[in-house]
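The following exercises concern helix packing, chain dimensions and the contact between chains. Each task is followed by a solution in steps.

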There are 2 protein chains.
Amino acid sequence: MVPLLETIDEVRRAVAAARASGKVVGLVPTMGALHVGHLRLIERCRAEAGLVCVSIFVNPTQFGPNEDFARYPRTLDGDRRLCTEAGADLIFVPDVATMYPGGPDSTFVEVPGLTGILEGASRPGHFRGVATVVLKLFAIFAPDLAVFGAKDFQQQLVIRRLVADLNLPVAIRTVETVRAPDGLALSSRNRYLDPDQRRAATILSKALRLAAGAVAEGERRGDRVRQILRETIESESLARLDYAEVADAETLEPLDELMRGRRAVALLAVWIGTARLIDNAILSE
Amino acid sequence: MVPLLETIDEVRRAVAAARASGKVVGLVPTMGALHVGHLRLIERCRAEAGLVCVSIFVNPTQFGPNEDFARYPRTLDGDRRLCTEAGADLIFVPDVATMYPGGPDSTFVEVPGLTGILEGASRPGHFRGVATVVLKLFAIFAPDLAVFGAKDFQQQLVIRRLVADLNLPVAIRTVETVRAPDGLALSSRNRYLDPDQRRAATILSKALRLAAGAVAEGERRGDRVRQILRETIESESLARLDYAEVADAETLEPLDELMRGRRAVALLAVWIGTARLIDNAILSE
């Protein structure tokens, strides 16, 4: 079984040893409750890295006071087995005091611009927590590359911006969303769904497919695409829309009009019962 | 003459080469306008490091809109000569676009607690700028150690806190303040003083000496020590007090009473003409 490291010193020793033998160091930051989507991140990391590191840390600072930090699924035994099978070389499982030696209200990093909208508007402080914990993980691992999933589309943009703005020597890789056969994007939070809700949750990918289909057939008006997203979500009685947006895929600026040469992305956040699910689709390349 | 490096890539190559040959990498971050105080920082760095790096960057984000960014002294030729004589191995002289690829209003780091008081209260945003640029320099150099001066007492505390909070793998060294024979702490901003002001500026170190003397003779009341500082500064007609504080030397919490076993520091900020000077002294060990 892949080793579990609990301290920063152990991580630094493992990374230093790998680097001394010329290995590229890769990091896959996760909150655990691993699924096939995470395995793809690990595989992507293995394609480039000689030392494949996974971190599992349910980061308190990226959850709001009324969010699901306490009940977020913790499944370390299963996670470790999956990481072993996927070929990870080590798992870092710090506690909160290790990651936040000065406490959760200590030094933080803020990425202006991208972080006040969409997920940032619905979840104030979320991206401050994400950026801060990722910066810490980068300081601990000093990885050559780090891998993130496209399902958290805004997150990977925030992290790319963080890295560029702070001159961090880390290459960021983004891996396509993995979906169940019926279209539902894999997510640790899918575990919150009962069977009826699980069926209803396919409405997100359906809405994105309809929106992408309309654009493929020539629709260029942002508002019309947003309307397709909204109306599709509203057609499902178990779903409650948080936001539906059509935005520039680099800046997340809402688009009035889709244009050739400007990549657009449709973004959804939807409540199904007590699960808040997000998904997205690129609308044009 | 020691080489001037303008790009991050050049720095990373030099650091990687040094590290490959087993050298410890040290960094002395400065804003240039070097004086003997800076040379002591470089010497301190040489005591531990096989690659001694100096950065010279007048960091715009740590200056307020009405501060002296534009007229801050820039003396690169002289700085380079001094660095050469002091045995530095390279000087990093980035421009603003290199240090702030996303612009000066992009991603920043904030160190709560220590940064809202004293210098932070008088210079809003100052420590955000300092912490952010130092974090960037650490990301660029990945130094094993970095050296700062004790004259900027609060700054070295903020940086120690930053490093601890963010789990950064950098050892911070603080070097004692270097003083002119008449007691004035060396500072690049002393260049703003005309001869009368230069004479008046000795009032800071005089006030600190009187305060330390009172404590040595048994004075334990924080307010009384603050009064000594204040009245001494007020006795100099060319001086205008910004703040005079007696605080815990770790937390900068104002002290009602000086106690054995709790290190205290006296801190001063004083305007002399258009120069804002700071100085400090440890009151008890």
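## Exercise 1: A helix pair in chain B

α9(B) passes α10(B) in a right-handed crossing (the near helix is turned clockwise from the far one by less than a right angle; anticlockwise would be left-handed). This is a predicted model, in which local features need pLDDT of at least 70 and side-chain atom pairs count only at pLDDT 80 or more, while totals for chains, interfaces and linings use all residues. Residues are numbered from 1 along each chain as its sequence is written, and chains are lettered from A and ligands numbered from 1 in the order in which they are written.

**Task.** Determine at what angle α9(B) and α10(B) pack, and which residues make the contact.

**Solution.**
1. Helix α9 (residues 203-216) and helix α10 (residues 222-234) of chain B pack at about 150 degrees, their axes being 9 Å apart. Helices here are DSSP runs (H or I, at least four residues), and strands are runs of E (at least two), numbered from the N terminus.
2. α9(B) and α10(B) are therefore roughly antiparallel to each other (angles over 145 degrees, on a scale from 0 to 180 between N-to-C directions).
3. From α9(B), the contact draws on I203(B), K206(B), A207(B), L210(B), A211(B), A214(B) and V215(B); from α10(B), on V225(B), I228(B), L229(B), T232(B) and I233(B). Residues are in contact if their C-beta atoms, placed from the backbone, lie within 7 Å.
4. By class, these residues comprise 10 nonpolar, 1 polar and 1 charged (nonpolar: Ala, Val, Leu, Ile, Met, Phe, Trp, Tyr, Cys and Pro; charged: Asp, Glu, Lys and Arg; polar: the others, Gly among them).

## Exercise 2: Dimensions of chain A

**Task.** State how the radius of gyration of chain A compares with that of a compact globule.

**Solution.**
1. Chain A has 10 helices and 10 strands.
2. Its C-alpha atoms fill a box of roughly 55 × 40 × 35 Å along the principal axes.
3. For 285 residues, a compact globule would have a radius of gyration near 19 Å, and the 19 Å of chain A agrees (taken over C-alpha atoms; the rule is 2.2 Å times the number of residues to the power 0.38).

## Exercise 3: The contact between chains

**Task.** Identify how many residues of chain A are in contact with chain B, and their classes.

**Solution.**
1. In chain A, 25 residues are in contact with 25 residues of chain B.
2. At least two residues of this side of chain A come from each of α1 (8-20), β5 (108-110), α6 (126-141) and α7 (153-165).
3. The side of chain A that touches chain B has 15 nonpolar, 4 polar and 6 charged residues.

Note on methods:
Parallel < 35°, antiparallel > 145°, perpendicular 65-115°, else oblique. Contact = placed C-beta atoms within 7 Å.
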